[in-house]
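Reader: I am new to this structure and would like a careful close look at a single part of it, a pocket, with enough of the surroundings to place it.

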Amino acid sequence: MTGQLAFNHLRTRTADSVWIVAGRSELKGGIKPSTSDKLTPTAAAVISIDTLKYISMPLRTGLSLTGSSFTIEALPYRDARRLQMANRQRRTLTDEQREAKGKEMENLENSMISAIKAGINKNITNPVGVLLLKQNYYYMDVADLDPLMPQIPAAYDNDEAIVKIKNNVEKMKATAVGQKFTDFEMQTPEGKTVKLSDYVGKGKVVLVDFWASWCGPCRREMPNLVEAYAKYKNKNFEIVGVSLDQSADAWKEAIKKLNITWPQMSDLKYWNCEGAQLYAVSSIPHTVLIDGEGTILARGLHGDELQEKIAEAVK
């Protein structure tokens with residue numbers, strides 16, 4: 001019995017021993033159940049984790065995984081399939097259809113993220129929760145992550161991924177709402193070296209936008225930033241784009257095509273971007289709104305929420 005656990009863009013998450021309550025069958029290692037022991041949309045299952053060697057099992061609509069030490073409410077399988085199909089269909093659509101399909105994908109992805117976060121919170125003291133955290137922490141902000149850190153079992157104190165996550169959380173706390181901005185320097189598209197402090201802390205409200213030309217969600221969000229810039233650029237407001245591109249040509253082409261007219265900077269180091277590292281940016285687009293004195297007002301806002309926060313800040 002093999003299949004996918006529909007977390008994190010359909011990547012497989014599995015356990016090494018599975019007891020199917022409804023079918024009264026036990027799975028261990030490579031043992032296969034009889035053909036009559038199939039999971040149904042309403043079946044319950046118990047997973048026992050002894051090691052981190054995994055077999056796989058299918059999750060269907062409404063299925064929960066429950067055990068003496070953990071519970072995971074799984075994302076409905078059909079929604080995960082819809083996300084996969086929507087992604088494939090976008091390749092052959094018009095711009096208008098692609099935009100609509102992109103919003104549908106965003107809603108489905110938000111459902112996935114909510115399911116993942118719930119699973120992590122319920123299971124952070126056991127191997128299931130730690131595994132989900134290690135593979136999905138980039139969906140979470142400091143408010144999600146900080147309370148989880150003391151709950152991670154001591155057995156993971158030297159785990160490379162957990163050490164990285166804990167370091168990231170400290171960086172997130174240092175650049176959280178209410179903290180002063182952290183400075184860094186990069187190059188403009190023309191090759192001039194500039195610092196974030198050339199724009200921030202000089203009386204203007206500044207929105208720092210971490211993005212990249214290869215990032216689909218970034219490109220979909222850009223019209224919202226173009227609108228905000230046109231509305232507020234003459235009201236002590238500035239945007240500074242920080243690109244995670246690797247190709248200068250792709251970066252410059254996107255600036256032109258997306259009608260970006262505000263200052264840009266990049267070190268063309270992809271996810272090793274210095275600014276992204278300092279601000280613990282693990283997914284893009286990511287925004288940091290900073291007041292005229294250099295204090296961080298908000299992080300991670302998009303769409304209407306971002307527009308409302310900017311309007312409030314520039315008053």
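Author: What follows begins with the whole chain, turns to the pocket, and then visits some residues and a helix elsewhere.

This is a predicted model, in which local features need pLDDT of at least 70 and side-chain atom pairs count only at pLDDT 80 or more, while totals for chains, interfaces and linings use all residues. Residues are numbered from 1 along each chain as its sequence is written, and side-chain values use heavy atoms, with hydrogens and water left out.

The chain has 9 helices and 12 strands, both being DSSP runs numbered from the N terminus (H or I over at least four residues for a helix, E over at least two for a strand). Of its 315 residues, 46% count as buried, a word that stands for under 20% relative accessible area with a 1.4 Å probe and protein chains only, with exposed set at over 50% and partly exposed in between. Of the contacts (heavy atoms within 4.5 Å) between residues at least 6 apart in sequence, 63% join residues at least 24 apart.

The part to look at closely is the second largest pocket, which holds about 240 Å³ of space. A pocket is an open set of points on a 1 Å grid over the protein atoms alone, where a 1.4 Å probe fits and protein lies on both sides within 12 Å along at least five of seven lines; lining residues have an atom within 4 Å of a point. Helix 5, residues 160–174, and helix 8, residues 274–278, each supply at least two residues of the lining, and helix 5 gives the most, with 4 residues. Read in sequence order, the lining begins with Tyr137 and Tyr138, goes on through Lys164, Asn167, Asn168 and Lys171, and then takes in Trp271, Ala276, Gln277, Ala280, Val281 and Ser282. By class, this lining has 6 nonpolar, 4 polar and 2 charged residues.

Beyond helix 5, in the loop between that helix and strand 6 (185–187), comes Gln179, which counts as partly exposed because its relative accessibility is 37%. Apart from its neighbours within four places in sequence, Gln179 is in contact with Lys173 and Ala174, and also with Gly294, Thr295 and Ile296. The C-alpha atoms of Gln179 and Gly294 are separated by 8.5 Å, although their positions lie 115 residues apart along the chain.

Turning to helix 3, residues 127–136, one finds 7 of its 10 residues buried, so the helix is largely enclosed by the rest of the structure. The buried residues are Val128, Gly129, Val130, Leu131, Leu132, Leu133 and Asn136. In the loop between helix 2 (95–123) and helix 3 sits Asn126, itself buried at a relative accessible area of 6%, and at the start of helix 3 a side-chain oxygen of Asn126 comes to within 2.9 Å of the backbone nitrogen of Val128.

Two further residues are also covered by their surroundings. Asn224, in helix 6 (residues 216–232), is buried with a relative accessible area of 13%, and its contacts outside the four nearest places in sequence on either side are His302, Gly303, Leu306 and Gln307. Ile239, in strand 9 (residues 237–243), is buried at 0%, and leaving aside neighbours within four places in sequence it is in contact with Leu207, Asp209, Leu225, Tyr229, Trp262 and Pro263.

Key:
Points joined across faces, edges and corners; volume = space filled by probe spheres on them. Nonpolar A, V, L, I, M, F, W, Y, C, P; charged D, E, K, R; others polar. Polar contact = N/O pair within 3.5 Å; in protein donor to acceptor, adjacent residues only side chain to side chain.
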